[in-house]
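Colleague: I would like a close look at a single part of this model. Pick one strand and work outwards from there, please.

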Amino acid sequence: MEKEKNGILLESGTNEIEIMEFTIDGNLYGINVAKVREIMMAEKVHPMPHSHPAVEGIFKPRDTVITVVNLPKYLARRDVESRDKELFIITNFNKMFIAFRVHTVVGISRISWEDIQKPDNTVSGGPDGVATGIAQCDGELVTILDFEKIVAEIAPQTTIQISEVEALGRRERSECPIWIAEDSILLSRMIQESLQKAGYVNLRSFPNGAELWDALQECKNSPNLNQQVALIITDLEMPQMDGHRLTKLIKTDDVLKKIPLVIFSSLVTQEMYIKGKQLGADEQLSKPEIGHLIGVIDHLLGREDAEKGNRA
């Protein structure tokens, strides 16, 4: 698994993704290989009281306690009869290890983010849906699940917390224009609400890197570019164009490279941090550290001293 993953992790800004395909009740689903740490046979799980209905409990492989989510049950919203030889996909994102029970693992396909389409609301379920993309791998349609959204629903305390922003105290209003590339409807809304609460009210949101990049081209030659976009926040996983490709395009452009760019993603591991640094990202933070993100924005926009004075 590590050998398979390293090939893509060491490349920079290729706009490609490796999708691990798995099945539940014969339906084909996908997860970004960068989120996967291990595949193993399902083991006995110790139940935990008062947990979400889709949480089976915990198990402890190699001295690490890991929560197990029954993905068939979560997707069906009802109890699902277990099968022989089910598997655990052990994931690591948002600085957490979580195991997801699945029926089979099919394999890994490498495709371009351009080949991943954002499902419309009739398919995805809108803000409440968990399909983040539809890809075609080896002639088969694969539904890519929004694992961050799934975990946020199961354990709200693990996602962005508005309380972190409230703890910053009274803050001045800022009209500095901030652009955000984030494909998750839920997380995009939470980021915007948090920034607005922190005083940043001039926000523009994009569902992927490609649309943000196209918007940059429209205002690139403006004499007052910094009055249209003063800072960019980007996720990494996005259909059409991912955050690393967006970062590479911006930081190799003589005009746009001056715009501060922050990668804010559940995938900021050590390997991904190195990759982002090579591409020129000004800062990289792991979700859900929204309080830290606001501090970084203050620093990059030169508001640090002013905000310290306001809180004094």
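The request and one connected reply follow.

Colleague: Take strand β7 (residues 96–102). How many of the 7 residues of β7 are buried? Which strands pair with β7, and what do the rings around phenylalanine 100 do?

Modeller: A caution to begin with: this is a predicted model.

Start with burial. In β7, 5 of the 7 residues are buried, so the strand is largely enclosed by the rest of the structure.

Now the partners. Strand β5 (residues 66–70) pairs with β7 in the parallel sense, over 4 bridges. Within β7, alanine 99 has valine 68 opposite. Strand β6 (residues 87–93) also pairs with β7, but in the antiparallel sense and over 7 bridges. Here phenylalanine 93 faces methionine 96 of β7 as its opposite residue.

β6 and β7 form a hairpin with 2 residues between the strands. One backbone angle is worth checking there: asparagine 94 has a positive phi, near 50°. Phenylalanine 93 has a charged visitor too. The charged end of lysine 35 sits over the phenylalanine 93 ring, 5.4 Å from the ring centre.

The hairpin also meets a later strand. Serine 286 touches Asn94 and Lys95, and among its other contacts are Phe264, Ser265, Ser266 and Val268. Serine 286 belongs to strand β16 (residues 283–286). Its relative accessible area is 6%, under the 20% cut-off, so serine 286 counts as buried. Just beyond, the peptide bond from lysine 287 to proline 288 is cis, with omega near 10°. Proline 288 lies in the loop that runs between β16 and α10 (290–300).

Back to β7 for the rings. In general, an aromatic pair is described by the distance of the centres and the angle of the planes. Phenylalanine 100 and phenylalanine 147 have ring centres 4.8 Å apart and planes at 80°. An angle over 60 degrees counts as edge-to-face, so this pair is edge-to-face. The pair links distant parts of the chain: phenylalanine 100 is in β7, phenylalanine 147 is in helix α4 (residues 147–154), and 47 residues separate them. Both of these phenylalanines are buried. They do not stand alone: Phe22, Tyr29, Phe100 and Phe147 form one aromatic cluster. Over the whole structure, a search finds 5 aromatic pairs.

Phe22 leads on to the core. Nonpolar side chains tend to be buried together in soluble globular proteins. In this model the largest nonpolar core has 51 residues, and Phe22, Leu71 and Leu216 have the most contacts inside it. Helix α7 (residues 209–219) gives the largest share of this core, 6 residues. Leucine 216 is in contact with Trp179, Val229, Ile232, Ile250, Leu256 and Ile259, leaving aside neighbours within four places in sequence. Apart from this core lies another, of 25 residues, including Leu186, Leu285, Ile290 and Ile297.

Two of those names open side views. Take Trp179: arginine 204 lies over the face of this tryptophan, at 5.0 Å from the ring centre. Take Leu186: this leucine is one of the buried residues of α6, along with Leu187, Ser188, Met190, Ile191, Ser194 and Leu195. Helix α6 (residues 185–197) has 13 residues, which should span 18 Å at 1.5 Å a residue. Its end C-alpha atoms are 18 Å apart, so the two values agree. After α6 comes glycine 199, whose phi is positive, near 105°.

Finally, return to the region before the hairpin. Arginine 77 lies in the loop between α2 (71–76) and β6. Its phi is near 60°, a positive value in a residue other than glycine. Its relative accessibility is 52%, so arginine 77 counts as exposed. Histidine 50 is a similar item for your checklist. Histidine 50 is not a glycine, yet has a positive phi of about 65°. Its place is the loop between β3 and β4 (55–59). With a relative accessible area of 86%, histidine 50 is exposed.

To recap the part you asked about: β7 is largely enclosed, pairs with β5 in the parallel sense and with β6 in the antiparallel sense, and holds phenylalanine 100 of the edge-to-face pair.

Notes: Residues numbered from 1 in each chain as written. Predicted model: local features only at pLDDT ≥ 70, side-chain atom pairs only at ≥ 80, totals over all residues. Heavy atoms only, no water. Core = buried A, V, L, I, M, F, W, Y, C linked by side-chain atoms within 4.5 Å. Buried < 20%, exposed > 50% of the residue type's maximum accessible area, 1.4 Å probe, protein only. Contact = heavy atoms within 4.5 Å. Expected span 1.5 Å × (residues − 1). Phe/Tyr/Trp six-rings, centres within 6.5 Å; stacked < 30°, edge-to-face > 60°. Lys NZ or Arg CZ within 6 Å of the ring centre and 35° of its normal. Pairing = 2+ DSSP bridges.
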